[in-house]
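Visitor: I would like to learn how to read a helical model feature by feature. Could you walk me through one?

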Amino acid sequence: MGRPIVPKEHGAWAVLYGAFVAGVGVAGQVTLPVVLFLLGVTAIAFANAPLAILARPAIGPGQSRRQRHALAWFLVYGAAAAAALSPLWVIFRMSFLLPFGMGATFFLLLRAFLVRERDDRTLIGELVGTAGLTMVGAAAHAVAVGEVQRVGALLWLLLFLFFASGVFYVRMRVQGLVAERKGGTTASNPALWPCVLYHGLLVVVVPALILVRVIPWPVLLAFAPALWRAASGLCRGETRLSLRRLGWSEVAVATAFVFLLIAAFWFTPLAG
């Protein structure tokens, strides 16, 4: 079958496992179904890499062979995911996972379409990917507690709001560097105002959800690192930018968010 095909989008792993830890952490328990679910979603994440190859047209020498290689590994990862997830349905009777499975299928097919159209690296494409990955948090919470609860939907919303902020921020930093290297100014960065407007939206939406008592007030503290990150990023130039350092700083901010979010729900729990 050749060398395994593995995903190269390292940031996606932070979103996937960050969402998983948040869901399980808020539930407050790790069970055998939770472990099986983790193995299953990891296999699905691996399957995304060969799926992206299969979604592209087979043009050029060697592409047909490459697609056969991708199909083989897609089937391997798919079989691993089925082996891990099927006991949740057959043995543990978690039929409530069906909508999550349908949602995962939708996001995988939508991503394949975006890859085929070469739109997966656009802002919309990255936000679609973030929505699919953060759904893992809601599903993990449901598996951990054995049922779908309102808290799971809130987790999905909050996780998406946070990790989407990372999409806007990273695009602002990277495109800011490109603009300055071309002799432009900070104002010429096309990703600047989308980032500013999105974080301005966070400043409005999160407190509003707290005021109407949809989410506990300590959640505001969980978003503080993201808001601080965006504010500090707006105050620096981009003559030099280490993508590795930027990536690790995003992991650090995401880790802080996840644990502050878990603490917020533990110390100020919501009903249902």
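**Reading the model, feature by feature**

Guide: Gladly. Let us begin in a loop: R213 has a relative accessible area of 73%, so R213 counts as exposed. Keep in mind throughout that this is a predicted model.

Visitor: Where does R213 lie, and what is the value of its phi?

Guide: The general idea is that most residues other than glycine have a negative phi. R213 departs from that pattern, with a positive phi near 60°, and it sits in the loop between α7 and α8.

Visitor: Which residue in the loop between α3 and α4 should I look at next?

Guide: Look at R93, which is found in that loop. R93 is not a glycine, yet its phi is positive, about 55°. Its relative accessible area is 65%, so R93 is exposed. Then go on to the residue R118, just after α4, where phi is again positive at about 60°.

Visitor: Since we have reached α4, how many residues does it have, and what should they span?

Guide: The check uses the rise of 1.5 Å a residue: the 19 residues of α4 should span 27 Å, and the end C-alpha atoms are 27 Å apart, which agrees.

Visitor: Which residues of α4 are buried?

Guide: An α-helix has 3.6 residues a turn, so residues three or four places apart point the same way. In α4 the buried residues are F100, G103, F107, R111, A112, L114 and V115. Another residue of this helix is A104; with a relative accessible area of 25%, A104 is partly exposed. The cut-off to remember here is that buried means under 20%. For a long-range distance, take A104 and A230: they are 126 residues apart along the chain, and their C-alpha atoms are separated by 30 Å.

Visitor: How would you read α9 in that way, starting with its span?

Guide: α9 has 25 residues, which should span 36 Å at 1.5 Å a residue, and the 36 Å between its end C-alpha atoms agrees. Its buried residues are L246, E250, V253, A254, F257, V258, L261, I262, A264 and F265.

Visitor: And where does α2 bend?

Guide: α2 bends by about 30° at A49, and the proline P50 follows within four residues. The helix has 24 residues and reaches 34 Å from its first C-alpha to its last, close to the 34 Å expected. As for its surroundings, 17 of the 24 residues are buried, so α2 is largely enclosed by the rest of the structure.

Visitor: In the largest nonpolar core, which residues touch the most other members?

Guide: The general idea first: in soluble globular proteins, nonpolar side chains tend to be buried together. Here the largest nonpolar core has 69 residues, of which F37, F223 and L261 touch the most other members. The helices that each supply at least two residues of this core are α1, α2, α4, α5, α6, α7, α8 and α9. The most comes from α6, which gives 14 residues.

Visitor: Is G137 buried or exposed, and which helix holds it?

Guide: G137 is in helix α5. Its relative accessibility is 0%, so G137 counts as buried. G137 and L155 are 18 residues apart in sequence, with 6.5 Å between their C-alpha atoms. For another case, turn to A226 in helix α8: at 0% relative accessibility, A226 counts as buried. The C-alpha atoms of A226 and G2 are separated by 41 Å, and the two are 224 residues apart along the chain.

Visitor: Let us finish with a pocket. How much space lies in the second largest pocket, and which residues are closest to its centre?

Guide: The second largest pocket holds about 390 Å³ of space. It is lined by 17 residues, and the closest to its centre are I5, V6, K8, I53 and R66. Two elements, α2 and α3, give two or more residues to this lining.

Visitor: Which element gives the largest share of that lining, and how do its residues divide into nonpolar, polar and charged?

Guide: The largest share, 4 residues, comes from α2, the helix with the bend at A49. By residue type, the lining of the second largest pocket divides into 7 nonpolar, 2 polar and 8 charged residues.

Conventions: Residues are numbered from 1 along each chain as its sequence is written. This is a predicted model: local features need pLDDT of at least 70, side-chain atom pairs count only at pLDDT 80 or more; totals for chains, interfaces and linings use all residues. Side-chain values use heavy atoms; hydrogens and water are left out. On a 1 Å grid over the protein atoms alone, a cavity is a set of points where a 1.4 Å probe fits but cannot get out, and a pocket is an open set with protein on both sides within 12 Å along at least five of seven lines; lining residues have an atom within 4 Å of a point. Grid points are joined across faces, edges and corners, and a volume is the space filled by probe spheres set on the points. Ala, Val, Leu, Ile, Met, Phe, Trp, Tyr, Cys and Pro count as nonpolar, Asp, Glu, Lys and Arg as charged, and the others, Gly among them, as polar. The expected span of a helix is 1.5 Å times one less than its number of residues. The bend at a residue is the angle between axes fitted to the seven residues ending there and the seven starting there. Buried means under 20% relative accessible area, exposed over 50%, partly exposed in between (1.4 Å probe, protein chains only). A nonpolar core is a set of buried Ala, Val, Leu, Ile, Met, Phe, Trp, Tyr and Cys residues joined through side-chain atoms within 4.5 Å.
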